[in-house]
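Student: I would like to learn how the words used for a protein structure are tied to cut-offs. Could we go through them one at a time?

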Amino acid sequence: MKQKTENDAYLTLAALCAQAEHCQHEMLEKMRRWELPEEEQARVMQRLVSERYVDDERYARAFVKDKVRYNKWGRRKVEQALWQKHIDDDIRQRVLDEVDDEEYLDVLRPLLKQKRRSTKAASDYELNQKLVRFALSRGFTYDIIRQCLDVEEEFEDDDF
């Protein structure tokens, strides 16, 4: 593979960032794979940030919105994914705090309803345990899970 110059790297990354949101960590990883010297990486990164091609907070907002709405992830799983992307703690917490609990509930309720239909269990207790494990694996917090299960149990009691 031909060695990329600093300007080539900048143009490639700028074009990439113009198409979709990317974080600083992703851009640095690409430059490392291209074996760009660290000083050049720093200059390219500085230019991308100053020209607003790369903005970790904007990236985190889009990432959180997509993962909650489309992938149906809970707060903990999203937080872990942002941590893996090396997003700063303060940005991560600020963006995650912007998501209302009601939005997590709106995502989790249909998931649990669907899972309840497809899960076999000997008792209600066993069924609830399986549902809790499922929701925890999706990254939802226990208090959100409990709210959803309590609401579903109320609906079931009304059916009799």
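Tutor: Let us begin with a single cysteine, C23, which has 0% relative accessibility and therefore counts as buried. The model is predicted, so local features need pLDDT of at least 70 and side-chain atom pairs count only at pLDDT 80 or more, whereas totals for chains, interfaces and linings use all residues. Residues are numbered from 1 along each chain as its sequence is written, and side-chain values use heavy atoms, with hydrogens and water left out.

Student: What makes C23 buried?

Tutor: Buried means under 20% relative accessible area, exposed means over 50%, and partly exposed lies in between, with a 1.4 Å probe and protein chains only. The value for C23 is 0%, so C23 is buried. C17, at 9%, is under the cut-off as well and therefore also counts as buried.

Student: How do you know that C23 is in no disulfide?

Tutor: A disulfide is a pair of cysteine sulfur atoms within 2.5 Å. The nearest cysteine sulfur to that of C23 belongs to C17 and is 9.4 Å away, which is not within 2.5 Å, so C23 is in no disulfide. A search of the whole structure finds zero disulfides.

Student: Why are R43 and E6 said to form a salt bridge?

Tutor: A salt bridge is a side-chain nitrogen of Lys or Arg within 4 Å of a carboxyl oxygen of Asp or Glu. In R43 and E6 the closest N and O atoms are 2.8 Å apart, so the pair meets that condition. R43 lies in helix α3 (residues 38–50) and E6 in helix α1 (residues 6–19), so the pair, 37 residues apart, links distant parts of the chain; helices here are DSSP runs (H or I, at least four residues), numbered from the N terminus. At 45% relative accessibility R43 counts as partly exposed, and E6, at 26%, is partly exposed too.

Student: What makes D55 buried and R52 exposed?

Tutor: D55 has 17% relative accessibility, and therefore counts as buried, whereas R52 has 51% and so counts as exposed. Their side chains meet in a salt bridge, at 2.9 Å from N to O.

Student: Why are D90 and R94 separated by about one helical turn?

Tutor: They are four residues apart in helix α6, and that is why the separation is about one helical turn. The closest N and O atoms of D90 and R94 are 3.5 Å apart, and the two form a salt bridge. D90, at 48%, counts as partly exposed, as does R94, at 35%. Both belong to a network of salt bridges that links E57, R61, D90, R94 and E98, and the structure holds 16 salt bridges.

Student: What makes a group of residues a nonpolar core?

Tutor: A nonpolar core is a set of buried Ala, Val, Leu, Ile, Met, Phe, Trp, Tyr and Cys residues joined through side-chain atoms within 4.5 Å. The largest one has 31 residues, and V64, V78, L108, L112 and F140 have the most contacts inside it. Helix α7 gives the most to this core, with six residues. Apart from it lies another core, of 13 residues, among them A9, Y10, L13 and V54.

Student: Which residues of α4 and α5 meet?

Tutor: A60, F63, V64, K67 and V68 in α4 meet V78, A81 and L82 in α5, where contact means heavy atoms within 4.5 Å.

Terms used
Helices (H or I, at least four residues) and strands (E, at least two) are DSSP runs, numbered from the N terminus.
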